[in-house]
Amino acid sequence: MTDATWVCAGVVPVARFCFCLTDPDPPPRWHWQANARDNGLVGATEGAMLVRTGRGGGWVDLTVELHPEPPVVETAGWDEAVEISYRTAVGQSHVRSARGGRSDFPRVSFRGPGSYRIRVHARGRHPCAGRPGADRAEEYLLQVWAARIGRTEILRATEG
């Protein structure tokens, strides 16, 4: 059960071990700027966010939820969860492959230009041979709501 005003589930193309959330014209060197973060899962710069995957290419499962208020933190069943701030000057942010090209997900910056909080959940990103669930699909959940810029919070991290 979710209190989201909008939920979309599907697949997103992966390239270079990531997928992205960007405005139509992200800033120069945005990959480098967004990748220069230390939580291991997600990084953001003005108009661009990069989610690191365990796959170099192909597709991963993704669910996007847009919320009017911050949703309750729920990390059970997820390997990793990080909450990060994202700012868009144009308010036209879409989920994309790192090679460009929009996915079928509608605009994520649903309140237009401004700042958002995005809680990124991941599971199956670090399969470990011999562990239960090592062959499971790679899955992600993005929970998005309008909010002031805040510090990045690691809510759950992969052990070992």
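## Where E138 sits

Strands here are DSSP runs of at least two E residues, numbered from the N terminus. With that in hand, look at this predicted model and find E138: its place is in the loop between strand 9 (114-123) and strand 10. Is E138 buried or exposed? The relative accessible area of E138 is 4%, and buried means under 20%, so E138 counts as buried.

What does the side chain of E138 reach? One partner is the backbone nitrogen of G54, at 2.7 Å. Another is the side chain of Y140, with a polar contact of 2.5 Å. Leaving aside neighbours within four places in sequence, E138 is in contact with T53, G54, R55, V60, D61, R123, G124 and R125.

## Rings that pair up

Y140 turns up again when we look at the aromatic rings. A pair of rings is described by the distance of the centres and the angle of the planes. How many aromatic pairs are there by this rule? The count comes to two.

Take F19 and Y140: their ring centres are 5.3 Å apart and their planes are at 80°, and because over 60 degrees counts as edge-to-face, that's what this pair is. The pair links distant parts of the chain, with F19 in strand 2 (residues 18-22) and Y140 in strand 10 (residues 139-146), 121 residues apart. Both F19 and Y140 are buried.

Then there are F110 and Y116, with ring centres 5.9 Å apart and planes at 55°, so this pair is tilted. Y116 has 1% relative accessibility, so Y116 counts as buried.

## A charge over a ring

R123, one of the contacts of E138, has something going on with a ring too. The charged end of R123 sits over the ring of W78, 3.8 Å from the ring's centre.

## The nonpolar cores

In soluble globular proteins, nonpolar side chains tend to be buried together. Which residues touch the most other members of the largest nonpolar core here? Out of its 27 residues, they are F19, M49, L62, V95 and I118. Several strands chip in: strands 1 (6-15), 2, 3 (42-45), 4 (48-52), 5 (57-66), 6 (80-88), 9 and 10 each supply at least two residues of this core.

Try tracing M49 in the structure. Not counting residues up to four places away in sequence, M49 touches a list of residues that includes F19, W30, Y86, I118 and L142. There is also a second, separate core of eight residues, and C18, W30, A34 and L50 are among them.

Key. Residues are numbered from 1 along each chain as its sequence is written. This is a predicted model: local features need pLDDT of at least 70, side-chain atom pairs count only at pLDDT 80 or more; totals for chains, interfaces and linings use all residues. Side-chain values use heavy atoms; hydrogens and water are left out. Rings of Phe, Tyr and Trp (its six-membered ring) pair if their centres lie within 6.5 Å; planes under 30 degrees apart count as stacked, over 60 as edge-to-face and the rest as tilted. Helices (H or I, at least four residues) and strands (E, at least two) are DSSP runs, numbered from the N terminus. Buried means under 20% relative accessible area, exposed over 50%, partly exposed in between (1.4 Å probe, protein chains only). A charge sits over a ring if NZ of Lys or CZ of Arg is within 6 Å of the ring centre and within 35 degrees of the ring normal. A polar contact is a pair of N or O atoms within 3.5 Å; within protein, one must be able to donate a hydrogen and the other to accept it, and residues adjacent in sequence count only if both atoms are side-chain atoms. Contact means heavy atoms within 4.5 Å. A nonpolar core is a set of buried Ala, Val, Leu, Ile, Met, Phe, Trp, Tyr and Cys residues joined through side-chain atoms within 4.5 Å.
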